[in-house]
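Let's take a walk through this model together, starting with a charged pair and working outward from there. Keep the structure open as you read.

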Amino acid sequence: MGMIMPAILDLLYREYCRARLAEMRRQLLIAAERSETLEADHHPAKQGDDERADAHRKTGQGMPN
């Protein structure tokens with residue numbers, strides 16, 4: 001029985017570490033997916049956007065919706 005207890009503890013510790021690493025990887029994947037989603041939702045302004053805004057300012061009209 002003297003050899004069994006350290007082996008069981010070693011097995012449990014390895015399983016705990018494996019599960020912990022799997023959880024950390026999952027969290028990183030979720031964070032990466034959210035970051036990609038935020039970047040996809042962000043549309044950089046185009047040169048034509050400035051020209052349209054200038055035209056609306058000159059005519060006194062508000063920005064289009």
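## Charged pairs along a helix

Start with Arg14, which makes a salt bridge with Asp10; their closest N and O atoms sit 2.9 Å apart. Bear in mind that this is a predicted model, so treat the distances as computed from it.

Why can these two reach each other? Arg14 and Asp10 are four residues apart in helix H1, so about one helical turn separates them. Side chains of opposite charge can pair when their charged atoms come close. As for how much of each is open to the outside, Arg14 is exposed, with a relative accessible area of 55%, which puts Arg14 in that class because the cut-off for exposed is over 50%. Its partner Asp10 has 33% relative accessibility and counts as partly exposed.

How many salt bridges does the structure hold? There are three, so let's move along to the others.

Next up are Arg18 and Glu15, whose side chains meet in a salt bridge at 2.6 Å, N to O. Both residues belong to helix H1, and they are three residues apart, about one turn of the helix. Arg18 is partly exposed at a relative accessible area of 48%, and Glu15 is also partly exposed, at 41%.

Then look at Arg26 and Glu23, where the N to O distance in the salt bridge is 2.8 Å. Here too the two residues lie in helix H1, three residues apart, or about one turn. Both partners are partly exposed: Arg26 has a relative accessible area of 41%, while Glu23 has 29%.

Now swing the view to the nonpolar side chains. Which residues form a nonpolar patch on the surface? They are Ile4, Met5, Ile8, Leu9 and Leu12, and together they offer about 490 Å² of accessible area. Take Met5 as an example from this group: Met5 is found in helix H1, which runs over residues 4-41. With a relative accessible area of 47%, Met5 is partly exposed. Residues need over 30% to join a patch, so Met5 clears that cut-off.

Finally, zoom out to the whole chain. The protein has two helices and zero strands. How much of the protein counts as buried? Of its 65 residues, just 3% do, buried here being under 20% relative accessible area. In total the protein exposes about 6400 Å², and carbon and sulfur atoms supply 61% of that area.

So the picture to take away is a two-helix, strand-free protein with three salt bridges and a nonpolar surface patch that includes Met5.

Conventions. Residues numbered from 1 in each chain as written. Predicted model: local features only at pLDDT ≥ 70, side-chain atom pairs only at ≥ 80, totals over all residues. Heavy atoms only, no water. Patch = residues over 30% accessible without salt bridge, like charges linked within 9 Å, V, L, I, M, F, W, Y side chains within 5 Å. Areas by Shrake-Rupley, 256 points an atom, 1.4 Å probe, with all protein chains shown as cover. Salt bridge = Lys/Arg side-chain N within 4 Å of Asp/Glu carboxyl O. Buried < 20%, exposed > 50% of the residue type's maximum accessible area, 1.4 Å probe, protein only.
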